[in-house]
Amino acid sequence: MKSEIKKVPVGCPHDCGGSCLLIAHVEDGVVKRITTDESLPDAPGVAQLRACLKGRAYRQRLYHPDRLKYPLKRAGERGSGKFERISWDEALDTVAENMLAIREKHGATAILNMSHSGTMLCAYHGKGCIYRLLNMFGGQTMLHSIVSNEGGVFAALQTYGAVFTTSEREDLLNSKMIIIWGWNPTDSVWGTNTSYYLALAREKGARIVAVDPRYTDSAATFAQQWIPIRPGADTAMLIAMAYVIIEENLYDKKFLDRYTIGFDKFREYVMGQEDDVPKTPQWASEITGVPAGTIVELARAYATTKPAALSVGHGPGRTNHGEQFHRAAMTLCAMTGNVGRSGGDTGIAIFGYPIQMKVMNFPAGGSPENASVHFNKWADAIIEGRAGGYPSDIKMVYSVAGNTVNQLGNVRKADRALKTLEFMVAHDHFLTATARYADIVFPATTHFERSDVMTPWCFGHYIIYSDKAIEPYGECRNDIDICADLAKRLGIAGYNDTSEEEWLKYLTSAAEIADWDEFKQRGFLKYELDKPHIAFREQIEDIENSPFSTPSGKIEIYSQSIADMQKPDVPPIPKYVAPQKAETPDPQFPLNLITGHSKKSCNSMFYNLPWVHEAEKQEIWINSVDAGARGIKNGDMVKVTSGVGATILPARVTERIIPGTVNIDQGMQFQLNAEGIDTVGCANAVCPDVHTSVDVTPYNSTRVQVEKMA
Ligand SMILES: Nc1nc2c(c(=O)[nH]1)N[C@H]1C(S)=C(S)[C@@H](COP(=O)(O)OP(=O)(O)OC[C@H]3O[C@@H](n4cnc5c(=O)[nH]c(N)nc54)[C@H](O)[C@@H]3O)O[C@H]1N2
Ligand SMILES: Nc1nc2c(c(=O)[nH]1)N[C@H]1C(S)=C(S)[C@@H](COP(=O)(O)OP(=O)(O)OC[C@H]3O[C@@H](n4cnc5c(=O)[nH]c(N)nc54)[C@H](O)[C@@H]3O)O[C@H]1N2
Ligand SMILES: [Mo]
């Protein structure tokens with residue numbers, strides 16, 4: 001007799017920006033096939049929630065031969081990757097004993113919580129479980145700053161006073177011109193349907209221009225024009241565009257008067273009244289490598305085509321002075337009257353329609369006196385401790401759903417720091433670069449093995465019900481249940497006495513779910529909006545009653561709050577800040593390195609799946625000019641070196657990247673050889689562990705040399 005195939009809707013909760021529907025076809029308790037949203041869109045503005053190649057390949061991840069099945073205990077030198085299987089009781093007891101002993105001797109802040117973004121979209125089964133456990137245990141050292149876009153967040157808060165800065169993606173259809181600036185959504189997802197709407201906008205006749213050091217798949221697919229630019233130089237080009245727009249009187253004076261403050265000061269800087277340097281297209285051309293004529297043409301077109309969207313990614317902001325890029329882009333959006341208007345944009349994408357307000361996250365428990373260090377300084381904080389000015393002496397690391405060891409710069413230092421620890425715990429699906437250093441590794445369930453509610457990162461007005469499709473793989477357990485069992489052993493009462501279903505109903509109590517069973521069965525709820533969501537529409541329609549949440553109530557081109565910070569490298573009007581002394585190119589490392597987010601991974605996940613691997617290989621993009629000068633041919637193995645380390649990977653010699661710049665997609669999990677050189681193309685083997693004065697992680701300001709392997 002043929003057994004029945006059940007189709008179970010599951011959401012995808014990882015940190016790519018989208019949140020898609022996966023339909024698990026389950027037979028005899030096994031996922032046999034994965035399809036995606038086939039339902040017709042029933043609410044305007046929410047197209048089908050169709051999954052990417054990684055989501056569709058998820059069966060290969062679920063049943064991967066390397067997937068963790070049992071708790072593991074370290075059986076070799078820390079980081080060696082040698083482990084042995086142990087029982088759940090032994091694993092939980094060992095972790096609890098070590099936590100108690102470390103708290104007793106050093107206090108709770110001796111535990112560093114290195115959890116990160118693997119379960120970003122889960123309301124219940126996210127990393128909240130470990131914050132709650134450690135908070136209830138007496139505290140922890142946490143990591144702060146947003147490595148994705150700290151510059152963008154800073155700029156948005158200072159300029160607009162808010163982080164809900166982006167309109168619904170369907171609004172791209174109302175743009176006559178779209179500049180995709182350092183934005184590559186065919187690869188870095190940015191909302192389930194972003195590429196779909198860009199394709200429709202192109203069909204509708206919008207002019208699309210890409211400004212990027214690379215001729216990306218987004219540029220190749222959607223844009224009529226590619227403007228190659230040196231990384232880290234974008235602010236100069238934006239400011240020169242402002243110069244053209246001011247000189248040719250193409251700016252929207254009414255908009256500036258009504259909704260902004262500080263344009264006069266900006267104009268003085270741009271026109272050279274402040275420092276005798278007019279920020280002409282010629283001036284910017286030297287800095288950016290973009291011909292002056294191209295800058296003039298783009299400026300005129302952008303200022304005279306209405307409405308026009310200056311749609312930026314996070315790549316250009318992930319540089320030294322990255323916040324200036326966003327502040328300058330925001331100023332151009334305001335100068336052209338494109339903020340708050342359909343078809344316009346804001347110069348920063350953080351959150352769109354505030355869907356997050358409808359769903360709460362699992363509560364993080366009390367708030368004891370936690371210590372905190374910048375994400376980029378976790379290794380220094382372990383190595384140097386209080387003696388080095390850090391707030392705690394770290395003896396133990398706890399990581400749930402993160403791969404911080406691999407995803408922050410300078411993995412060689414990471415290796416060194418972790419080897420000094422007394423104890424380390426990781427929960428994951430695989431023996432990741434992070435888990436490899438743990439003393440105890442707990443095997444966690446995936447979202448196929450539990451139920452949850454998910455909201456997209458930033459775009460779309462829908463929530464997903466992700467139903468449990470199969471029983472836990474091997475001996476895997478939910479992260480939250482692992483924490484609950486530890487809580488018992490640690491003598492913590494009231495960690496979690498509520499069932500999953502009750503939690504999900506509670507966490508969605510603001511979500512107006514009329515029919516819970518229908519929500520569960522369909523796997524999603526799409527909200528119908530009265531009108532498409534346009535960021536800052538309310539402010540622009542009625543500034544008197546809906547001011548911006550800045551101190552002045554307006555868009556702050558000049559920011560007194562920034563001036564008050566008195567940071568010499570962070571001017572109160574957007575400026576091109578030339579490289580400071582420490583950033584001046586070292587002739588030893590003549591090439592700019594950028595480290596893109598790619599379709600073959602979501603950060604460090606997925607590259608181990610055969611289907612994904614087949615779609616795109618890990619290679620360094622290098623222009624034929626730079627390759628030729630180094631005797632490098634397409635496919636040659638090359639060694640990439642920076643001030644902090646080296647990595648080896650194949651070269652892809654291509655005209656799709658400008659001379660002087662190379663790209664290594666971030667996300668490969670490092671493998672250090674005996675000389676401490678990474679052998680698999682991990683970008684963070686060469687990116688340093690630094691941050692700027694406003695906490696930006698400038699991965700894309702790395703300088704490297706590339707040489708052909710002997
Ligand atoms: N498939 C997939 N999707 C993802 C992710 C993933 O890993 N895989 N990651 C998710 C996460 S966590 C995030 S934060 C976002 C990241 O999204 P982004 O940060 O926008 O993605 P990146 O690829 O780093 O950068 C976008 C583009 O900027 C270009 N770029 C880099 N530096 C510069 C510069 O200085 N100037 C200019 N003009 N362009 C530059 C790159 O070539 C690239 O084409 O994506 C999310 N979506
Ligand atoms: N050089 C360079 N480095 C970068 C970037 C860059 O542009 N350049 N981008 C940065 C950005 S924007 C980001 S957001 C960070 C991301 O950094 P991380 O969040 O540390 O990286 P991920 O690869 O997303 O790690 C997620 C981990 O969670 C695990 N996981 C997923 N689901 C679960 C679950 O349910 N339970 C458990 N226990 N584990 C689970 C996955 O297997 C994976 O190992 O990387 C940063 N690193
Ligand atoms: Mo990110």
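A polar contact here is a pair of N or O atoms within 3.5 Å; within protein, one must be able to donate a hydrogen and the other to accept it, and residues adjacent in sequence count only if both atoms are side-chain atoms. Keep that in mind.

Now the ground rules. This is a predicted model: local features need pLDDT of at least 70, side-chain atom pairs count only at pLDDT 80 or more, and totals for chains, interfaces and linings use all residues. Residues are numbered from 1 along each chain as its sequence is written, chains are lettered from A and ligands numbered from 1 in the order written, and side-chain values use heavy atoms, with hydrogens and water left out.

Start with the layout. The chain splits into domain 1 (72-136 + 361-464 + 475-511), domain 2 (150-349 + 536-565) and domain 3 (581-708). Those bounds come from an automatic or database domain assignment.

Next, ligand 1. It is surrounded by 38 residues, counted when a heavy atom lies within 4 Å. The closest are Cys16, Asp187, Asp234, Arg318 and Ser601. Domain 2 and domain 3 each give at least three residues to this shell. A backbone N or O atom of Gly182 sits 3.2 Å from an oxygen atom of ligand 1. For His314, a polar backbone atom is 3.0 Å from a ligand 1 oxygen. Taken alone, ligand 1 exposes 900 Å², and the protein buries 99% of that. Accessible areas use the Shrake-Rupley method with a 1.4 Å probe; for residues, only the protein chains shown count as cover.

On to ligand 2. Its shell holds 34 residues, the closest being Ser117, Asn403, Gln407, Asp428 and Ser604. Which domains does ligand 2 lie between? Domain 1 and domain 3 both give residues to its shell, so ligand 2 lies between these two. A polar side-chain atom of Asp428 is 2.6 Å from an oxygen atom of ligand 2. Asp479 places a polar side-chain atom 2.8 Å from a ligand 2 nitrogen. Alone, ligand 2 exposes 920 Å²; the protein buries 98% of that.

Last, domain 2 against domain 3. Their centres, taken over C-alpha atoms, are 28 Å apart. In contact (heavy atoms within 4.5 Å) are 23 residues of domain 2 and 25 of domain 3. Buried area is the accessible area (1.4 Å probe) that two parts lose on being put together, summed over both. Here that is about 2000 Å², with 55% from carbon and sulfur atoms. On the domain 2 side, Arg214, Arg318 and Asn320 lose the most area to domain 3, together 34% of what that side buries. Arg318 we have already met, among the closest residues to ligand 1.
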